[in-house]
Amino acid sequence: MLPAAQPGAPERGTPEVSAADHQLAFSQTASLGAADFRRAKLDGRGLRIAIFDVGFSGADQHAAFQHLRTGKRILATYDFLKKLPYVYAGGSHGTEVLSCIAGILPDGTALGLAPEAEFLLARTEQLHREQFAEEEAWLAAAEWADRQGVDIINSSLGYTSRRYFPEQMNGRNSLVARAAAMAVRKGILVVNAAGNDGLDPEWRTIGTPADGDSVLAVGGLDPDNYLHIGFSSYGPTADRRLKPNVTAYGTVLAAAPGGYVRTQGTSFASPLMAGFAACAWQQNRNLTAMQLFEKLQASANLYPYYDYAHGYGMPRASWFTADGPKKPPTAATFDFVAQADSMLAVIIRPGVGQVAARALPLYSDSVDVKAPSISKDKLAAVPAVGREELAPPVSDGAEKSPPAGATPALPDPPSYLYWHVSDRRGVLRTYEVLDVKQRAVLQIPLRNLHAGDTVQVHYRGFTSTYSAQ
């Protein structure tokens, strides 16, 4: 597909928003707790966010950003490749990213969580090339953003196999990772896409600067099942640190020249999280960037459980807005049971084992791993981070517009059981997600556990560990 800014190329967006797309637009923010932020009057006001990207074609005219233009909240723009202030060319990827922080549909539905923030737009990336000058431009943009009092940088960019080897992804080798660390030391929260290489057999891990230890790397979730979306890059880093840190939707509705598009990539999970971070920081401006970083992880739905596909999971606005304890204790939902000194079983408690108005059997042959809802062939086509294209369309029979008076609703996420085995350093040796269809949901041969290993399980908000002797 040709870039939208190229002469003669068709505009990518369409002005119509189907009912399915309207539901997606609603749920991409509702899944993070948009209603809780709205009730607390948290919308990013007072925060400055810089976006580093390939270009912002059409953003200076798009209706989704009319409120930003009216409020004069696009404070500065600069193209660090051409050394010019004009950034509204070069590609529409930045336009889509901006909309996932501050875009608004014609009916008032927000595409992101921080529509009242202030913005600086920087072009640091070329559309069809991968040159080292892009990393130098990232560094220059970070210095420019710091001089103008930016609080958050969203970087939906990443550098991988064209410049580095996987074993170099330790947060210290690349110029851009070191530049991101400098920005954090200056008090800026850096939010970066984890990458779109999850299905690449030669490079499945996160890229740089997402490999930085102080960079909040955001992975992608499938909106259909709330699990890791296949193309989202996996952790850990080359030096075995946890990545990604958190997750958000990897398929979104975004603004683009000509209207709106359904698109996919961790490039869009990252700005959803940048908007979330702006609201959380607005709620407590006394936090440092790294204190906010830690709280964003602690607010995630799996915390303290983690794995290399989901990180700590999806942050929740209620963790920041609710009165009282931030993490109220959850009643136990399962037990570890050693069986004949040869097997460690995880048994769902009887009072919890009610699914769809029926009791779960103790044993059955129905335990399986939840599969992605999109075929790997389709997911493999997702380009590199910063180069994303349109997501697969919904069925041709989808309604062209939302029914009159229809109110989108966020369905309850499925209740999966997450488990991993880690060594004494906290490095995972294995991890898995199970769709719970019986109470005896998991059995682990004790001979497979080494001294110092820890089995950690998370189910319905409860996390517990078993330590091997």
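In which loop is Pro 304 found? Pro 304 sits in the loop between helix 8 (289–298) and helix 9 (318–321). The peptide bond that leads into this proline from Tyr 303 is cis, with omega near 10°.

The model is predicted, and local features need pLDDT of at least 70, side-chain atom pairs count only at pLDDT 80 or more, and totals for chains, interfaces and linings use all residues. Residues are numbered from 1 along each chain as its sequence is written, and side-chain values use heavy atoms, with hydrogens and water left out.

**Chain overview**

The protein chain has ten helices and 19 strands. Helices (H or I, at least four residues) and strands (E, at least two) are DSSP runs, numbered from the N terminus. Of the 469 residues in the protein chain, 57% count as buried. Buried means under 20% relative accessible area, exposed means over 50%, and partly exposed lies in between (1.4 Å probe, protein chains only). The accessible surface of the protein chain comes to about 19300 Å², and 51% of this belongs to carbon and sulfur atoms. These areas come from the Shrake-Rupley method with a 1.4 Å probe; for residues, only the protein chains shown count as cover. A contact means heavy atoms within 4.5 Å. Among contacts in the protein chain with a separation of 6 or more, 77% are between residues 24 or more positions apart.

**Helix 4 and helix 7**

The axes of helix 4 (residues 93–102) and helix 7 (residues 266–283) come within 7 Å and cross at roughly 35°. Axes are lines fitted to C-alpha atoms, for helices over the stretch in contact, and angles run from 0 to 180 degrees between N-to-C directions. The crossing of helix 4 and helix 7 is right-handed, a term for the near helix being turned clockwise from the far one by less than a right angle. On the helix 4 side the contacts involve His 93, Glu 96, Val 97, Cys 100 and Ile 101; the helix 7 side contributes Ser 267, Phe 268, Pro 271, Leu 272, Ala 274 and Gly 275.

Cys 100 is buried at 0% relative accessible area. Cys 279 is also buried, with a relative accessibility of 0%. A disulfide is a pair of cysteine sulfur atoms within 2.5 Å, and by this rule the count is zero.

**A three-stranded sheet**

One open sheet has three strands in the order 10-11-17, with antiparallel pairing. Its edge strands are strand 10 (334–339) and strand 17 (440–445), each of which pairs on one side only. The twist averages 20° from one strand to the next. Two strands pair if DSSP finds at least two bridges between them. Strand 11 (residues 343–348) and strand 17 run antiparallel and are joined by five bridges. Ile 347 stands opposite Ala 440 in strand 17.

**Backbone exceptions**

Most residues other than glycine have a negative phi, and most peptide bonds are trans. The table lists residues with a positive phi.

| Residue | Phi | Loop | Relative accessibility |
|---|---|---|---|
| Lys 72 | near 55° | between helix 3 (66–70) and strand 2 (74–79) | 67%, exposed |
| Lys 83 | about 60° | between strand 2 and helix 4 | 53%, exposed |

A further cis peptide bond runs from Lys 243 to Pro 244, with omega near -10°. Pro 244 lies in the loop between strand 6 (216–221) and strand 7 (246–249).
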